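Work through the exercises below with the sequence and the 3D structure open. Each task is followed by a solution in steps.

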Amino acid sequence: MTYRIEKDTLGFVKVPINKYWGAQTERSRKNFRIGPEASMPIEIIHAFALLKKAAAHVNFELGILSKKKKDMISLVCDEIIDKKLNDQFPLVIWQTGSGTHTNMNINEVISNRAHVLMGKKLGNSKSFIHPNDDVNMSQSSNDTFSTAMHIASYQKLVKKTIPSIQELKRTLEKKSKSFHNIIKIGRTHLMDAVPITLEQEFSGYITQIDHGLNVIKKTLSHLSELSIGGTAVGTGLNAPKEYDRKVTEYICQYTGYPFQVAKNKFEALSSHDAIVESHSALKQIAVSLIKISNDIRLLASGPRSGIGEIFLPENEPGSSIMPGKVNPTQCEAIIMVCTQIMGNDVTISIAGSSGNFQLNVAKPLMAYNFLQSSQLIADACSSFSSFCVKGIKPNHQRIKDLLERSLMLVTALNSHIGYEKSAEIAKFAYANNTTLKEEAIRLGYLTHDEFEKLVNPYKMV
């Protein structure tokens, strides 16, 4: 590989000749060779480009950046937003906790790319657009990374996560309605309970999803607060008056979302409670989805030795040794996804508590985990909806058999012959392998007609 020489305040650095990044990026790339899998999420890079473009426009309007520099910075930012320069951002999340290295990566790429677009040779770009003085004008890594993190997280939730969860909710609603008149046995403590309809059972899942969606949506207001203009510690040193408001207005214009200036920039830089709050809502959805998925795979268990009240789509062969076996793979996949999200929530909670005085120093980690959770839960919900829930079918005969054999139908007799006599009927039926009706008549507590009138599953739901 051939190199060019770039310079920063610590001295000279060799940089790959065909890369737009500069000395500070290269130092981070060499000093933090930690893990192959955790690159800075590209959503953060694209959010940074929106921010840098907005900042350039505002700095120009405030008379501190030339039109030529504003135009060139904007042009490169548009290229970044259009994903044309994705390969120019090589840094991992395991870097400085403020995200300074990624901020400088963006600044250097914009500076060098603008230099080339002006027809000049790559390198020595600081003579025209300086990465710190121009691209980073009126900014600090401390407020820009926080802002990019909020922009990226908000967009991911609104564009991807919420629609995918809504898709799953709609699929569950449609499926639930088709189960309207199917009466089955309920279960508590994994044991037989009184009857319930399959629609009622699925209605609980729908409401869980709905509550989770509402919680996510409620967190968007806090997440929409941007720390830009707080610069290093929240005081706004080196940022002109009205800069924060104007930059936020541009970001709203670019994205179409209602971002707002943070109510308190000291809070916005030193803590990331908005990220903690929103991710907690994702965790709530994850908790619900594990419950739902476990229920569905248990209801489908068998096909002959389990509960077997529903059939799941047969998507793939289930075993490399047992012919004909088919497994509830979509349930298993979404459970693993949700387990990962719960782990991410612990990470984000610890990272969110890692603010010391005026700065949180786990920003990249929080961004990475939040965006991973948002994407995973979106993808998993879409997959679960398409390849599992849509294809669920009731096993009518099995449902009927289990309902008729259940001893807990005796509960309907409580208010007529009392708890003690009802329990006696159930115990004898179980011990003698007989029916509730047979034992009720044998014990002399009810006649045939009385039992038929009182023990009617259709009246018990």
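**Exercise 1. Two helices**

How close do the axes of helix α10 and helix α12 come, and at what angle do they cross?

*Solution.* This is a predicted model, in which local features need pLDDT of at least 70 and side-chain atom pairs count only at pLDDT 80 or more, while totals for chains, interfaces and linings use all residues. Residues are numbered from 1 along each chain as its sequence is written, and side-chain values use heavy atoms, with hydrogens and water left out.

Step 1. Locate the helices: α10 spans residues 273–299 and α12 spans residues 363–387. Helices (H or I, at least four residues) and strands (E, at least two) are DSSP runs, numbered from the N terminus.

Step 2. Compare the axes, which are lines fitted to C-alpha atoms, for helices over the stretch in contact, with angles from 0 to 180 degrees between N-to-C directions. The two axes come within 11 Å and cross at roughly 30°.

Step 3. Classify the angle. α10 is therefore roughly parallel to α12 (under 35 degrees is roughly parallel, over 145 roughly antiparallel, 65 to 115 roughly perpendicular, the rest oblique).

Step 4. List the contacts (heavy atoms within 4.5 Å). Residues of α10 including I275, L282, I285, L289 and I296 meet residues of α12, among them M366, F370, I377 and F384.

Step 5. Sort the contact residues by class: 13 are nonpolar, six are polar and none is charged. Here Ala, Val, Leu, Ile, Met, Phe, Trp, Tyr, Cys and Pro count as nonpolar, Asp, Glu, Lys and Arg as charged, and the others, Gly among them, as polar.

**Exercise 2. Aromatic rings**

Describe how the rings of F48 and F145 are arranged, and state which parts of the chain they join.

*Solution.* Step 1. A pair of aromatic rings is described by the distance of the centres and the angle of the planes. Rings of Phe, Tyr and Trp (its six-membered ring) pair if their centres lie within 6.5 Å; planes under 30 degrees apart are stacked, over 60 edge-to-face, and the rest tilted.

Step 2. The whole structure holds six aromatic pairs. For F48 and F145 the centres are 5.9 Å apart and the planes stand at 65°, so this pair is edge-to-face.

Step 3. F48 belongs to α2 (residues 42–61) and F145 to α6 (residues 141–177), so the pair ties together parts 97 residues apart in sequence.

Step 4. Check burial (buried is under 20% relative accessible area, exposed over 50%, partly exposed in between; 1.4 Å probe, protein chains only). F48 is buried at 0%, and F145 is buried at 0%.

**Exercise 3. Backbone and loops**

Is H189 buried or exposed, and what is the sign of its phi?

*Solution.* Step 1. Most residues other than glycine have a negative phi, and most peptide bonds are trans.

Step 2. H189 sits in the loop between β3 (183–188) and β4 (191–197). Its phi is positive, near 60°, and H189 is exposed at 76%.

Step 3. Set S138 beside it: S138 has a positive phi near 70° and lies in the loop between α5 (131–135) and α6, but S138 is buried at 7%.

Step 4. Turn to the loop between α10 and β7, which contains P303. A cis peptide bond joins G302 and P303, with omega about 10°.

Step 5. E309 is in that loop too and is buried at 0%. Beyond residues up to four places away in sequence, E309 touches K184, R187 and R398, among others.
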